[in-house]
Amino acid sequence: MQELPFLSLVIWTPILGGVWILLASGARNAPSSRSIALLVSLVTFALSLPLWSQFETGTHAMQFQEKSLWIDAFAIYYHLGVDGISMPLIILTTFTTVLVVLAGWEVIQYKPDQYMAAFLVLEGLMIGAFSALDAMLFYVFWEALLIPMFLIIGVWGGPQRIYATVKFFLYTFFGSVFMLVALIYLYRQAGTFSILAMHDLPIGLHAQVLIFFAFLVAFAVKVPMWPVHTWLPDAHVEAPTGGSVILAAVMLKLGAYGFLRFSLPITPDASHALDWLMIALSLIAIVYIGFVALVQPDMKKLIAYSSIAHMGFATLGFFIAFRIMAAGDLDGAILGVEGGIVQLVSHGFISGALFLCVGVMYDRMHSRMIADYGGVVNRMPVFAAFMMLFALANSGLPGTSGFVGEFMVILSSFKTNFWIAFLAATTLVLGAAYSLWMYKRVIYGSVANEQVAALDDIGMRETFVLGALAAAVLLLGVWPAPLLEVMGATVEHLLAQMTTSKL
Amino acid sequence: MSFTTPDMAPATPELFLLAAACAVLVADVYVPQRLRMLTYHLAQFSLVIAAGLCLALLPETPQVTFNGTFVADAMGALLKVFILLATYFAFFYSKIYLRDRGLFKGEYFVLGLFAVLGMMVLVSAGSLLTVYLGLELLSLSLYAMVAMNRTSITASEAAMKYFVLGALASGVLLYGMSMIYGATGTLDLAAIRGHVAGLDGRNMVLILGLVFVIVGIAFKLGAVPFHMWVPDVYEGAPTSVTLFIGSAPKIAAFGMLMRLLVDGLPGLHGDWTGMLIILSVLSMGVGNIIAIAQTNLKRMLAYSTIAHVGFLFLGIIAGSEAGYSASMFYIIVYAFMSMGGFAMIVVLGGAESEADRIVDFKGLNDRNPWYAFLMLILMLSMAGVPPFLGFWAKWSVLREVVASGMTWLAVVAVIFSIIGLFYYLRVIRMMYFEKVEQPAPLSVGADMRIMVSANALAILALGVYPSGLLALCVSALAG
């Protein structure tokens, strides 16, 4: 086995790094908080790489496990471990945080130490949530990460930031307390908070349905799914660029991850019985929210709605699997779930990149309104090229990562019901429409006004950030095999759990 | 009936504190004004020694003395230690507050010591008489403390209100006790317990007595619908007194609840559970909802206390040993959180002004990020957000409620805690999101800084690693 507790290191390095920044900020001759943050985030990213390189792909078992007693009175363990689903999401988190630290380098002038510290602490908590194998440990991370995000939106956000951040906190808290009650109930039944033990716990259908709904409230708010999505556009619009990026790229994934780790394996029968509901909600997100995105005058809002639509694909991929398996097609079901997970990672890159693009323009113009722009390509050709790539990826162009996940989910949907696949496929039209129409209005045309005429193209730092994301989008787009290989065994195991009745 | 000298040993901490309080009183008379600080130091010293005695004399098995009127057991000892610890902190914060306002008098600490003695007697009560004795000693000292600032009209009003309503509650409690005495023929709680266990069928006098006793307890704890005095007293009293009322006496009131209901009347468990459920749901609902409308932080924390009392009842309702220890954990945690919150008001206040409005916290992050951070910990802990200690307090009572099969009650409780979150967030929003034109830096003494930091950081540290404190509460009630 490995000698180093990599998961603990990846969780606690950024958290302690954040504390270090806060303590150092008062001292004289301290290195700037920005450089400490960059150093810590790079070290964390480096520490997370062995999780990938030393990962054994052939097994669904949890790897890099650490287990020690935390609260002995209630049998709560500090139990960490990753499988093929959580490991890529952890890498996504560490990767994105580096970019976010870079993106906030110059823009953030008000209390940069607290800003950087908040993101680092947030990073550690998110990784903790992805790698926790004890339900209470998961819950603690899951709730605690609201605090830094709450502060990030509230302190460094736009004019309506207070409304947005309070709404964000209350919505998510609302969702999670029901999950807490469900977890306590499961603990009564299983006698342990181990998530893996809960996976094997037999539960009656009635209880399963109640637990399923408790989980659904928690995760649907986080994903977010229609109709509990309304906090997301507000939060995204008001958050600083870095906050939007983390929110879209990582925090939304926590909701989807919750479905995979909790809902599907713990309540497979209820999930099966209610899959129509989940499919319906996902399709509403894809089609209806797609139309809503089309009419947004605000770029950040548009991308926020497009996030909801894309996350609908992920949930569709997870829950369509029941119908495909009912038809006896295991490979099709695997395709759907894997497509959903690929969509998660890909959406992390693309939406993060788009929010960064809007941030680049906002830093120069202090406006997010599409109407204030036009002809940006004349002044910022390099930037326009990057944004072109991300807009196309967002609309699902083959060769980019956006295509892979969507295509897999649509393909698997065809195996069960033409109309579900048809509705899901409308996203290819809608996604192209809202992404490219926005792109056209903002980037092309003649130079709209004097402010646009005064724009400078992106500098080294911005080029590096966008370039890294562009590379990731293209790499995942043309060569998704490594990601699929990593998650393969885990997804097969998950499907086995989903098909095994626990009644 | 022959009179034998009772065994004094189990009551050593109480006897010591009585002697110490008298000694402090006498010493205070002879101390010149410029050495008044000596009174404070003597009082703090007595608290430390009393706590040491409690720990040193920790009984292996419950010991009963004074003809059954006094019980020394593990639960009592633990509660006493935390009462003394909370009072130590409260006296410390009081010192700063009173000194800044020219209210620094020796009587304050003498009254405080007598209140502590009352609380210790209360949590060790073995008979109805002892309960009443301890309760009155506590209450009378507190009435006087509230009225300490004689020039303040609001303080006098609060003291009056507190006295009248408190006396009424004591009367109701006493009336209930007389009925229980009438039904069982004894004042001794252990004997009452035996008598009730031997009853077959329902005894209406006993039930009626129980109702009055519960009303009395609800009054003292401030549960809805007997909560009316809480906001006025909390707001009107000097902050240092509010801080004291909100901490140690709540722990003592929990002790009273345990002695009367769990030790004395477990046979009526089915009856008092129903009453407590109503009180609990009402308290959580009214407390959390009305707190939203408050603009004064002391008032807001008063309503939050009411809501917390509702949560406290949940563990008792669960009716298991684990449930009682969860409630005990809850009240101890709550005492220290609320004390930290009021201490922040002391920190922000100047010599002339009180910083007790929520807007006084505006821009605190710009004025002093450290105190803003401490207040963030305290507020989120009260709201029950992990990883702070308040979360584990809520968690442990919810766990027992679910265990007792009342999942619906747990759902109700969490819904109200979502509502509660809103007003705690408002304080954080004032500190972090609102800006002031010219942030005035805070001037806080080093000793205050250390104590407040220790108070709030303990909430964070114990939240990350609550194992020890939880185990302590479990072991205190086991067996």
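This is a short talk about two pockets, one helix and the confidence of a predicted model.

Hi everyone! Before we start, some ground rules: residues are numbered from 1 along each chain as its sequence is written, and chains are lettered from A in the order in which they are written. The model is predicted, so to speak of local features we need pLDDT of at least 70, with side-chain atom pairs counted only at pLDDT 80 or more and totals for chains, interfaces and linings using all residues, while side-chain values use heavy atoms, leaving out hydrogens and water.

How confident is the predictor in chain A? The average pLDDT (the predictor's confidence in each residue, from 0 to 100) is 88 for chain A, and 98% of the residues score at least 70. Within chain A, helix α20 (residues 450–453) has the lowest confidence, with a mean of 82, and α5(A) the highest, at 92. Helices here are DSSP runs of H or I, at least four residues long, numbered from the N terminus.

Now, the pockets. A pocket is an open set of points on a 1 Å grid over the protein atoms alone, where a 1.4 Å probe fits, with protein on both sides within 12 Å along at least five of seven lines; lining residues have an atom within 4 Å of a point. The largest pocket holds about 1200 Å³ of space, a volume being the space filled by probe spheres set on the points. Its lining has 39 residues, and A:Val19, A:Leu22, A:Val121, B:Phe373 and B:Leu460 lie nearest the centre. Helix α1(A) gives the largest share of that lining, eight residues. Elements supplying at least two residues include α4 (112–131) of chain A and α16 (369–383) of chain B.

The second largest pocket has about 600 Å³ of space. Among its 27 lining residues, B:Pro62, B:Val71, B:Asp73, B:Arg259 and B:Asp263 are nearest the centre. Here α11(B) makes the largest contribution, four residues.

Last stop: helix α8 of chain B, residues 204–221. Its 18 residues should span 26 Å at 1.5 Å a residue (1.5 Å times one less than the number of residues), and the end C-alpha atoms are indeed 26 Å apart. Is α8(B) enclosed or open? Because 13 of its 18 residues are buried (under 20% relative accessible area, 1.4 Å probe, protein chains only), α8(B) is largely enclosed by the rest of the structure. At its N-terminal end, B:Asn203 acts as a cap, with a side-chain oxygen 3.1 Å from the backbone nitrogen of B:Val205. After α8(B) comes B:Gly222, with a positive phi near 85°.

Thanks for listening!

Technical notes
Buried < 20%, exposed > 50% of the residue type's maximum accessible area, 1.4 Å probe, protein only. Polar contact = N/O pair within 3.5 Å; in protein donor to acceptor, adjacent residues only side chain to side chain.
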